[in-house]
Amino acid sequence: MAHYTIDTDDDDEYVEGDYGEGLTCHLAARSMALSALPDMVRDRLPDGDRCMFRAIVRDENGMEIYTATLTLVGEWKVIRPPS
């Protein structure tokens, strides 16, 4: 039986096996990788206006089989107010 794990990367920290320990279905692993992205953003709002969040599905051999990426970009549409 195949097993999948999900690594996460938030531009600051790469964590192996953060989500999905023991998943046995590649479609469930894909779904969990996609659903992990909003949680990652909520857990670590970026200091700046750009940040990339990734969830990487690996199989039991450690091979990456799927990657979901969310890129967060903030833009001022007016002159930035003073801090």
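This is a short walk through one predicted protein model, from its overall layout down to a single cysteine.

I'll start with the overall layout. The protein has one helix and four strands. Read from the N terminus, the order is β-β-α-β-β. For the general outline, the C-alpha trace spans about 55 × 20 × 20 Å along its principal axes. The radius of gyration is 15 Å, while a compact globule of 83 residues would come out near 12 Å. Of those 83 residues, 31% count as buried. The exposed area is about 5,700 Å², and carbon and sulfur atoms supply 51% of that. On contacts: among those with a separation of 6 or more, 43% are between residues 24 or more positions apart.

Now the strands. β1 covers residues 4-9, and six of its six residues are buried. Tyr4, Ile6 and Thr8 point one way from this strand, while Thr5, Asp7 and Asp9 point the other way. Two aspartates are therefore among the buried residues here, Asp7 and Asp9, since buried means under 20% relative accessible area.

Which strand does β1 pair with over five bridges? The partner is β3, and the two run antiparallel. Two of the pairings can be named: Ile6 is bridged to Val57 in β3, and Thr5 is bridged to Arg58 in β3.

β3 itself covers residues 50-58. Besides β1, β3 is joined to β4, residues 64-73, by nine bridges, again antiparallel. Val57 is worth following across: its bridge partner in β4 is Tyr66, and Val57 is also the partner of Ile6 in β1. β3 and β4 form a hairpin with five residues between the strands. In that hairpin, Gly62 has a positive phi near 85 degrees.

Next, the helix. α1 runs over residues 26-43. At 1.5 Å a residue, its 18 residues should span 26 Å; the end C-alpha atoms are 25 Å apart, so the two figures agree. There is a bend in α1 of about 25 degrees at Leu37, and a proline, Pro38, follows within four residues.

Which residues of α1 are buried? They are Ala29, Ala33, Ala36, Leu37, Met40 and Val41. The spacing has a simple background: an α-helix has 3.6 residues a turn, so residues three or four places apart point the same way. Leu37, where the helix bends, is itself one of the buried residues.

Last, the cysteine. Cys51 lies in strand β3. Is Cys51 buried or exposed? Cys51 is buried, because its relative accessible area is 4% and the limit for buried is 20%. Leaving out residues up to four places away in sequence, Cys51 touches Asp10, Asp11, Arg44, Pro46, Leu70, Thr71 and Leu72. Another pairing in space is with Gly74: Cys51 and Gly74 are 23 residues apart along the chain, and their C-alpha atoms are separated by 9.2 Å.

One of the residues touching Cys51 is Asp11, which sits in the loop between β1 and β2, the latter being residues 14-23. Asp11 counts as partly exposed, because its relative accessibility is 45%. The phi of Asp11 is near 75 degrees, a positive value in a residue other than glycine. As a general point, most residues other than glycine have a negative phi.

To close, the loop residue Asp11 and the strand residue Cys51 are in contact, with Asp11 partly exposed and Cys51 buried.

How values were computed. Residues numbered from 1 in each chain as written. Predicted model: local features only at pLDDT ≥ 70, side-chain atom pairs only at ≥ 80, totals over all residues. Heavy atoms only, no water. Buried < 20%, exposed > 50% of the residue type's maximum accessible area, 1.4 Å probe, protein only. Contact = heavy atoms within 4.5 Å. Expected span 1.5 Å × (residues − 1). Bend = angle between axes of the 7 residues up to and from the residue. Pairing = 2+ DSSP bridges. Rg over C-alpha atoms; globule rule 2.2 N^0.38 Å. Areas by Shrake-Rupley, 256 points an atom, 1.4 Å probe, with all protein chains shown as cover.
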